[in-house]
Amino acid sequence: AKYLGDNIPKIYGYTDNFHSMELINSKPLSEIYKNGLIYKLLNWANKNLWGVQKNSRIYPKPGFFKKCYKFYYDKTMKRTELFFKNPLHHDYNIINGENIGSIDELFKKIKFDALSNVNPTAFHGDFILDNILLNNNKFILIDWRQDFAGDIKKGDKYYDLAKLRHNIYFNNDNLLNNLFFVKQIKSNECVLDLKCNFFLINQLSEFDRFIKENKLNIY
């Protein structure tokens, strides 16, 4: 909370497992339908979260590679191992008629070294629309991640960006309301369908515009 500063509600008190904070009179961004909101949010975050240099929010890069590699590669491998231990797991190679390959084959295509070669910044860690409020035309962040590979000061802004892009495609309300289905065709093949919100999908062009303007890597 200290490192997120004015970007979050005021914290009034806390214990080991709970904290009390200022009440913000706002719906989450997932329930606010306003054109241009994603683009405005990203530019705000770039200035007030990821790119702020005062209060030591920009950090040196050396040594951060190992933390990113641990966060992206080691954690992914551990979660995959748990997935395969589940007797009900399915590693579908073919989804909606397209052969995407096995999970192992997909992982071999991921350039984890490139993913980990980033400059550390301040971060939120669960940068989705449900965790962002709008109060008097100011964005307020809630439910932030407690650390990034054990580091509470710095993380990877690309993780925040990826969280948001995924959330634009498939938000939490659609998941909680079971607005998706997976139908098994064969042991290695399925049909997948999920509901996407047209209003949000329509703003992906603004997301890409932000990436291009700030010379970031969309991949």
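Here are some worked exercises on the predicted model shown above.

**Exercise 1. The two faces of α8**

Task: Work out which residues of helix α8 are buried, where they sit around the helix axis, and what covers them.

Solution:
- Step 1. Find the helix: α8 runs over residues 204-213, and its buried residues are Leu204, Glu206, Phe207, Phe210 and Ile211.
- Step 2. Look down the axis. The buried residues of α8 fall within an arc of 160°, so they line one face of the helix.
- Step 3. Turn to the face that points away from the buried side, where you will find the exposed residues Ser205 and Lys212.
- Step 4. Ask what lies over the buried residues of α8. The cover includes α1 (37-50), α5 (157-169) and α7 (198-201).
- Step 5. Follow the chain just past the end of α8, and you come to lysine 215, with a positive phi of about 55°.

**Exercise 2. Two pockets**

Task: Describe the largest pocket and the second largest pocket by volume and by the residues that line them.

Solution:
- Step 1. Begin with the largest pocket, whose volume is about 2,000 Å³.
- Step 2. Go to its centre. The lining has 44 residues, and those closest to the centre of this pocket are Thr76, Phe107, Ile110, Ala162 and His166.
- Step 3. Trace the lining back to secondary structure. Two or more lining residues come from each of α2 (64-85), α3 (103-109), α4 (112-116), α5, β8 (189-194) and α8.
- Step 4. Sort the lining of the largest pocket by class: 26 residues are nonpolar, nine are polar and nine are charged.
- Step 5. Move to the second largest pocket, which holds about 270 Å³ of space. Its lining includes Ala1, Lys2, Tyr3 and Leu4, together with Ala122, Phe123 and His124. Trp144, Arg145, Gln146, Ile152 and Lys153 also line this second pocket.
- Step 6. Sort this lining too: seven residues are nonpolar, two are polar and three are charged.

**Exercise 3. Cysteines 190 and 196**

Task: Decide how many disulfides the model has, and explain why cysteine 196 is or is not part of one.

Solution:
- Step 1. Recall the chemistry: a disulfide is a covalent bond between the sulfur atoms of two cysteines.
- Step 2. Set the cut-off, which asks for a pair of cysteine sulfur atoms within 2.5 Å.
- Step 3. Apply it to the model, and the count is zero disulfides. Cysteine 190 is in none, and the nearest cysteine sulfur to its own is that of cysteine 196, 16 Å away.
- Step 4. Check from the other end. The closest cysteine sulfur to that of cysteine 196 belongs to cysteine 190, and 16 Å is too far for a bond.
- Step 5. Add the surroundings: cysteine 190 is buried because its relative accessibility is 3%, whereas cysteine 196, at 34%, is partly exposed.

**Exercise 4. Contacts of three residues**

Task: For tyrosine 69, serine 102 and phenylalanine 170, find which residues they contact once neighbours within four places in sequence are left aside.

Solution:
- Step 1. Start with tyrosine 69 in helix α2. Its relative accessible area is 26%, so tyrosine 69 counts as partly exposed.
- Step 2. List the contacts of tyrosine 69: Asp74, Phe112, Asp113 and Ser116. Tyrosine 69 and serine 116 are 47 residues apart in sequence, yet their C-alpha atoms are 5.4 Å apart.
- Step 3. Take serine 102, in the loop between β4 (98-99) and α3. At 14% relative accessibility serine 102 is buried, and its contacts are Asp91 and Asn93.
- Step 4. Finish with phenylalanine 170, in the loop between α5 and α6 (172-176). Phenylalanine 170 is buried, with a relative accessible area of 16%.
- Step 5. Its contacts are Leu175, Phe180, Leu194 and Lys195. Phenylalanine 170 and phenylalanine 180 are ten residues apart along the chain, with 9.6 Å between their C-alpha atoms.

**Exercise 5. Positive phi in two loops**

Task: Describe the backbone and setting of asparagine 96 and aspartate 143.

Solution:
- Step 1. Keep the usual pattern in mind: most residues other than glycine have a negative phi.
- Step 2. Asparagine 96 is not a glycine, yet has a positive phi of about 55°. Asparagine 96 sits in the loop between β3 (94-95) and β4 and is partly exposed at 47%.
- Step 3. Aspartate 143, also not a glycine, has a positive phi of about 55°. Its loop runs between β6 (138-141) and α5, and aspartate 143 is partly exposed at 49% relative accessibility.

Note on methods:
Residues numbered from 1 in each chain as written. Predicted model: local features only at pLDDT ≥ 70, side-chain atom pairs only at ≥ 80, totals over all residues. Heavy atoms only, no water. Buried < 20%, exposed > 50% of the residue type's maximum accessible area, 1.4 Å probe, protein only. Helix = DSSP H or I, 4+ residues; strand = E, 2+ residues; numbered from the N terminus. Arc of directions from axis to C-beta. Contact = heavy atoms within 4.5 Å. 1 Å grid on protein atoms, 1.4 Å probe; cavity = no way out; pocket = protein on both sides within 12 Å on 5 of 7 lines; lining within 4 Å. Points joined across faces, edges and corners; volume = space filled by probe spheres on them. Nonpolar A, V, L, I, M, F, W, Y, C, P; charged D, E, K, R; others polar.
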